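Work through the exercises below with the sequence and the model open. Try each task before reading its solution.

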Amino acid sequence: MSPHVLVLGGTTEARALAAELSARPGTRVTTSLAGRVTRPGAVAGELRVGGFGGAEGLADWLREQRVDAVVDATHPFAETITANAARAAAATGLPLVVLRRPGWQPGPGDHWHPVPSLAAAAGLLPRLGHRILLTTGRLGLAAFAHLTEPHFVVRSVEPPEPPMPPHTHVLLARGPFTVAGETALLRAHRVDVLVTKDSGGAATAAKLTAARDLALPVVVVRRPPLPDGVTAVGDVPAVLSRLDALGRP
């Protein structure tokens, strides 16, 4: 029987991994997406969209589909699915490989304010500035909804969901972005604070360079920790090496 790998996707790395695995003769690859993006890009292999019903539902699906290995290549802030994947892999005895692109690191000239959560970011903003570029995704705006004085420019791929701060201007855009474009955006909206999650990767890193060049403070929400006993690898070749070492495809 062909080996079957489940890739929990939604990232550029997940798409690249699915392509690599699908190119291996006799390997079945299923990529699972949460369904929060209305127009996902093409994915090699099979595609599944929607939730599993928690860790138990995922474990049942792994058994029913005769999965041989699970790769969690979700967004670094997809905390719930990562926890469910760890529990389901443990329940089924399957190997789990977690793929996380490296986080961003501050450099000379950066004015970063690391915080543990969106709520902590909101608590810091009143003393940093009044015109804020918020690039933390469309689902976490409730953490900032009580801030009635600042003006927010919210950028996301999909339209954000309420509640939102009362003074909000929404920009719908998808990376990759350029330093020149991000600098122009910050200047056009007279932004004096940038708020971002530590997503890592090159596609959206240009805003950090632009903020450094303009000497703007950046509030960086740190990644949630991985479940106990779970470690991550940083790129697609490392995932393939780990699967090969496990005797999987």
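**Exercise 1.** Is valine 170 buried, partly exposed or exposed? Place it in the fold and in its surface surroundings.

*Solution.* This is a predicted model. Step one: read the accessibility. Valine 170 has a relative accessibility of 32%. Step two: apply the cut-offs. Buried means under 20%, and exposed means over 50%. Valine 170 therefore counts as partly exposed. Step three: find the element. Valine 170 sits in strand S9, which covers residues 168-172. Step four: look at the surface. Met164, Val170 and Leu172 make a nonpolar patch of about 230 Å². A residue needs over 30% relative accessible area to enter a patch, and valine 170 has 32%.

**Exercise 2.** Where does the cis peptide bond at proline 163 lie, and what is its omega? Do the same for proline 176.

*Solution.* Start with proline 163. Its cis bond is to proline 162, with omega at about 5 degrees. Proline 163 belongs to the loop that runs between strand S8 (151-156) and S9. Now go to proline 176. The bond from glycine 175 to proline 176 is cis, and omega is near 15 degrees. Proline 176 is in the loop between S9 and helix H5 (179-188).

**Exercise 3.** What is the phi of arginine 66, and what is the phi of arginine 190? Give the loop and the exposure of each.

*Solution.* Take arginine 66 first. Its phi is near 55 degrees, positive in a residue other than glycine. The loop that holds arginine 66 lies between helix H2 (54-64) and strand S4 (69-72). Its relative accessible area is 55%, so arginine 66 is exposed.

Turn to arginine 190. Its phi is about 50 degrees, a positive value although the residue is not a glycine. The loop here lies between H5 and strand S10 (193-197). With a relative accessible area of 56%, arginine 190 is exposed.

**Exercise 4.** How many cavities of 30 Å³ or more does a search of the whole structure find? Describe the lining of the largest cavity by class.

*Solution.* First, count. The search finds 1 cavity of 30 Å³ or more. Second, take the volume. The largest cavity holds about 50 Å³ of space. Third, list the lining: Thr11, Glu13, Ala73, Thr74, Pro76, Leu99, Arg100 and Arg101. Fourth, sort it. The lining has 3 nonpolar, 2 polar and 3 charged residues.

Definitions and conventions. Residues are numbered from 1 along each chain as its sequence is written. This is a predicted model: local features need pLDDT of at least 70, side-chain atom pairs count only at pLDDT 80 or more; totals for chains, interfaces and linings use all residues. Side-chain values use heavy atoms; hydrogens and water are left out. On a 1 Å grid over the protein atoms alone, a cavity is a set of points where a 1.4 Å probe fits but cannot get out, and a pocket is an open set with protein on both sides within 12 Å along at least five of seven lines; lining residues have an atom within 4 Å of a point. Grid points are joined across faces, edges and corners, and a volume is the space filled by probe spheres set on the points. Ala, Val, Leu, Ile, Met, Phe, Trp, Tyr, Cys and Pro count as nonpolar, Asp, Glu, Lys and Arg as charged, and the others, Gly among them, as polar. Patches are made of residues with over 30% relative accessible area and no salt bridge: like charges are joined within 9 Å, nonpolar side chains (Val, Leu, Ile, Met, Phe, Trp, Tyr) within 5 Å. Accessible areas come from the Shrake-Rupley method with a 1.4 Å probe; for residues, only the protein chains shown count as cover. A salt bridge is a side-chain nitrogen of Lys or Arg within 4 Å of a carboxyl oxygen of Asp or Glu. Helices (H or I, at least four residues) and strands (E, at least two) are DSSP runs, numbered from the N terminus. Buried means under 20% relative accessible area, exposed over 50%, partly exposed in between (1.4 Å probe, protein chains only).
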